[in-house]
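Dear colleague,

Here is the structure I said I would send. My notes on what turned up in it follow below.

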Amino acid sequence: MSDTPFGFGLPPEEPEDGDGKKKDPAGGGQGSGGPQNPFGFGGLPGMGGMGGDNPFAAMFGSMNPNDLGAAFQQLGQMLSYEGGPVNWDMAKDIARQTVAQGTSDGTKDASVGPAERSAVEEAVRLADHWLDGVTSLPSGATTAVAWSRAEWVEATLPAWKQLVDPVAERVGAAMGDVLPEEMQAMAGPLIGMMRSMGGAMFGQQIGQAVGVLAGEVTGSTDIGLPLGPAGKAALLPLNVAAFGKDLSVDENEVRLYLALREAAHQRLFAHVPWLRSHLFGAVEGYARGITVDTSKLEEAVGGLDPSNPEQLQEALQQGMFQPEETPAQKAALARLETALALVEGWVDAVVHEAAKPRLTSADALRETLRRRRATGGPAEQTFATLVGMQLRPRRLRDAARLWASLTDARGHEGRDGLWEHPDMLPTAADLDDPDGFVHREQMDFSELDKMLGEAANGSSPQEKPKLTKDDEGNEGDEGAK
């Protein structure tokens, strides 16, 4: 699978690994697609991986009759699609095909059995009980579910749609925007065909990305976003087992630790009502800032031959949709990066506090997950190529230290109370100076609350109490004496 589905090359500054060193761009990962292939289209599932940079070569590279029939069917879907910016029917089909192929280690997806469902339900129940003692936020999971990889695909597609559509919409709209209005009618069939193919190409790539991701994630919140339905704490037993395979840790401890993380995420997203819209809004803000090189697009569109689909692919490879970073995008990505770091840092801190006295492998599991993020695991790579950013491990560790320090200084309620409003949360600058934020003098609102309450009752703390007639008479008598 290509690592650059929507035209994003490496971030402005390559992310650091867990030791603070720059990642080697030659080592694969996000940069392997390169700016020469902005859409990064890989081969379709079942086509033998041929034609990695050309979806049409990928379709017709294998002359197996069954494969050829499937290729014609997908080509028909590409040309007949008339929906939104992403062909989500194709994305779903390709994701399920990718899941059915199994992971690189040969593990195939399988239905979840009753014993596995029972184990997940028990793990989430116990995790929620442990979390009651380390956070003031109540449980956010109304149900605990055990998903197969295919079930994860089905359950998370609505969230991926919300994330991807704004980006794809903005890029796709550029096709028609560069043409004068009087020319758009003449070029209508060509633009329509390009949009249909663009929607299918986006669908192909997001389908591949989601399908591969389904073979790696252990729950519904691995990338710090609520991808599943609200209130459902989910684990994937097959992937949980694969995660703990080489750790020399009891499988029950692995399951419990991952259940703690899933349940902690559920509490945060259930009881911080503005958080989901804040995170998804940052992605939309990024999408609104996308710009393209219109001169390249005008030249490419003007010279396209509708009967030569490979010419369109060549134009795509030349970077006609390569986004140009704007100040608006930088601001949106900074806001998103900080918010994700705060979410993951809070989860890391509360889970560690709950697990440390109960699980002998708590430290090892914590470090394993941190390193998984630091080295850019599949979840992080998919999200990075989706919106052009990556959650820096340095921010995650700083955020976890800040939340732990807040716990020591203010207790669970004082720490969790900061989630009441986004303006109360630490900023990126505060992550650079966590001690300064923790020990910053807090405003005392008690006097202000008292004054507002008295004002609402019609009196002022400085106002002399009004006298009744009896009081006035008594006061007069006292004066006469």
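**Notes on the model**

Ser248 sits in the loop between α8 (237-244) and α9. Please keep in mind throughout that this is a predicted model. Although Ser248 is not a glycine, its phi is positive, at about 55°. Ser248 has a relative accessible area of 78%, so it is exposed.

A second loop serine is Ser111, which is found between α3 (88-101) and α4. With 70% relative accessibility, Ser111 also counts as exposed. Its C-alpha atom is separated by 9.4 Å from that of Leu238, although the two residues are 127 residues apart along the chain.

The two helices that follow these loops meet each other. The axes of α4 (residues 114-131) and α9 (residues 251-271) come within 8 Å and cross at roughly 60°. The crossing of α4 and α9 is right-handed. On the α4 side, the contact is made by Ala119, Val120, Ala123, Val124, Leu126, Ala127, Asp128, Trp130 and Leu131. On the α9 side, Arg255, Leu256, Ala259, Leu260, Ala263, Ala264 and Arg267 take part. By type, the residues of this contact between α4 and α9 are 13 nonpolar and three charged, with no polar ones. As background to the spacing of such residues, an α-helix has 3.6 residues a turn, so residues three or four places apart point the same way.

Helix α5 (residues 149-177) contains Val153. Is Val153 buried or exposed? At 0% relative accessibility, Val153 counts as buried, the cut-off being under 20%. Leaving aside residues up to four places away in sequence, Val153 touches Ala95, Val99, Val210 and Ala214. From Val153 to Gly207 the C-alpha distance is 9.3 Å, with their positions 54 residues apart in sequence.

Next is helix α13 (residues 327-355). How does the span of α13 compare with what 1.5 Å a residue should give? Its 29 residues should span 42 Å, and the end C-alpha atoms are 42 Å apart, which agrees. Of those 29 residues of α13, 22 are buried, so the helix is largely enclosed by the rest of the structure. His352 lies in α13. His352 has 16% relative accessibility and therefore counts as buried. Not counting residues up to four places away in sequence, His352 is in contact with Asp363 and Arg366.

Helix α14 (residues 362-374) holds Arg373. Arg373 is charged by type, and its relative accessible area is 8%, so it is buried. The C-alpha atoms of Arg373 and Leu396 are separated by 9.0 Å, and the two residues are 23 residues apart along the chain.

Finally, some totals for the chain. The secondary structure of the protein chain consists of 20 helices and two strands. The chain has 481 residues, of which 51% count as buried. Among contacts with a separation of 6 or more, 78% are between residues 24 or more positions apart. The accessible surface of the protein chain is about 22,400 Å², and 51% of that surface belongs to carbon and sulfur atoms.

Best regards

Definitions and conventions:
Residues are numbered from 1 along each chain as its sequence is written. This is a predicted model: local features need pLDDT of at least 70, side-chain atom pairs count only at pLDDT 80 or more; totals for chains, interfaces and linings use all residues. Side-chain values use heavy atoms; hydrogens and water are left out. Axes are lines fitted to C-alpha atoms, for helices over the stretch in contact, and angles run from 0 to 180 degrees between N-to-C directions. Helices (H or I, at least four residues) and strands (E, at least two) are DSSP runs, numbered from the N terminus. A crossing is left-handed if the near helix is turned anticlockwise from the far one by less than a right angle, and right-handed if clockwise. Contact means heavy atoms within 4.5 Å. The expected span of a helix is 1.5 Å times one less than its number of residues. Buried means under 20% relative accessible area, exposed over 50%, partly exposed in between (1.4 Å probe, protein chains only). Accessible areas come from the Shrake-Rupley method with a 1.4 Å probe; for residues, only the protein chains shown count as cover.
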